[in-house]
Amino acid sequence: MSAYFIVRGNIHDRVAFQEYASRSPGVLARFGGRHIARGGKSISFEGADDRPHVVIAEFPDFESAEKCYRSEAYQALIPLRSGCATLEFTLIDGMPTSPST
């Protein structure tokens with residue numbers, strides 16, 4: 001069953017953020033992950049709209065996504081964004097592809 005990183009936040013310095021943004025897809029790919037939404041136009045219909053940058057990354061399963069985030073490769077990227085963005089990361093399981101009986 002697929003799992004998803006849902007990331008919401010603010011980018012304070014887009015130029016500095018570019019190094020992180022250019023390197024993260026390669027790390028996600030090592031764990032079977034891929035971006036399915038990445039910072040495009042969004043509207044908050046309900047709730048606070050204080051974190052307009054939204055990213056969704058899909059992984060084959062929860063364990064692969066968790067391994068990705070905890071990996072040395074990804075942890076090495078975090079300092080690249082720490083001074084230029086404030087992000088909230090959530091990992092969530094997807095729905096089963098067919099109903100359980």
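1. Contact, as the word is used in this note, means heavy atoms within 4.5 Å. The model is a predicted one, in which local features need pLDDT of at least 70 and side-chain atom pairs count only at pLDDT 80 or more, while totals for chains, interfaces and linings use all residues. Residues are numbered from 1 along each chain as its sequence is written, and side-chain values use heavy atoms, with hydrogens and water left out.

2. With that meaning of contact, P25 touches H35 and R38, once residues up to four places away in sequence are not counted. P25 lies in helix α1, which covers residues 14-30; helices (H or I, at least four residues) and strands (E, at least two) are DSSP runs, numbered from the N terminus. Although P25 and H35 are 10 residues apart in sequence, their C-alpha atoms are 7.3 Å apart in space. P25 is partly exposed, its relative accessible area being 28%, where buried means under 20% relative accessible area, exposed over 50%, and partly exposed in between (1.4 Å probe, protein chains only).

3. Strand β1, made up of residues 3-11, has two faces: A3, F5, V7, G9 and I11 form the covered one, whereas Y4, I6, R8 and N10 form the uncovered one. Two strands are said to pair if DSSP finds at least two bridges between them. On this basis β1 pairs with strand β3 (residues 53-59) in the antiparallel sense over seven bridges, and Y4 stands opposite E58 in β3. Strand β1 is also joined to strand β4 (residues 85-93) by nine bridges, again with the strands running antiparallel, and here F5 stands opposite L91.

4. How many salt bridges does a search of the whole structure find? The search finds five, a salt bridge being a side-chain nitrogen of Lys or Arg within 4 Å of a carboxyl oxygen of Asp or Glu. Side chains of opposite charge can pair when their charged atoms come close.

5. One of these salt bridges brings together the side chains of E88 and R51, at 2.2 Å from N to O. Because E88 lies in strand β4 and R51 in the loop between β2 (34-38) and β3, the pair ties together parts that are 37 residues apart in sequence. The side chain of R51 also meets that of D50 in a salt bridge, at 3.4 Å from N to O. R51 is partly exposed at a relative accessible area of 22%, D50 is partly exposed at 46%, and E88 is partly exposed at 34%.

6. Another salt bridge links E66 with R70, whose closest N and O atoms are 3.0 Å apart. Both residues lie in helix α2 (residues 62-70), four residues apart, which is about one turn of the helix. E66 counts as partly exposed, at 30% relative accessibility, whereas R70 counts as exposed, at 59%. Elsewhere, salt bridges that share partners join D50, R51 and E88 into one network.

7. A last point concerns R81, whose place is in helix α4 (residues 78-82). R81 is buried yet has no salt bridge, and the nearest side chain of opposite charge, that of E88, is 12 Å away; in this reckoning Lys and Arg count as positive and Asp and Glu as negative, while His and the chain ends are not counted. Which residues is R81 in contact with, leaving aside its neighbours within four places in sequence? They are F17, Y20, Y69, Y74, L87 and F89.
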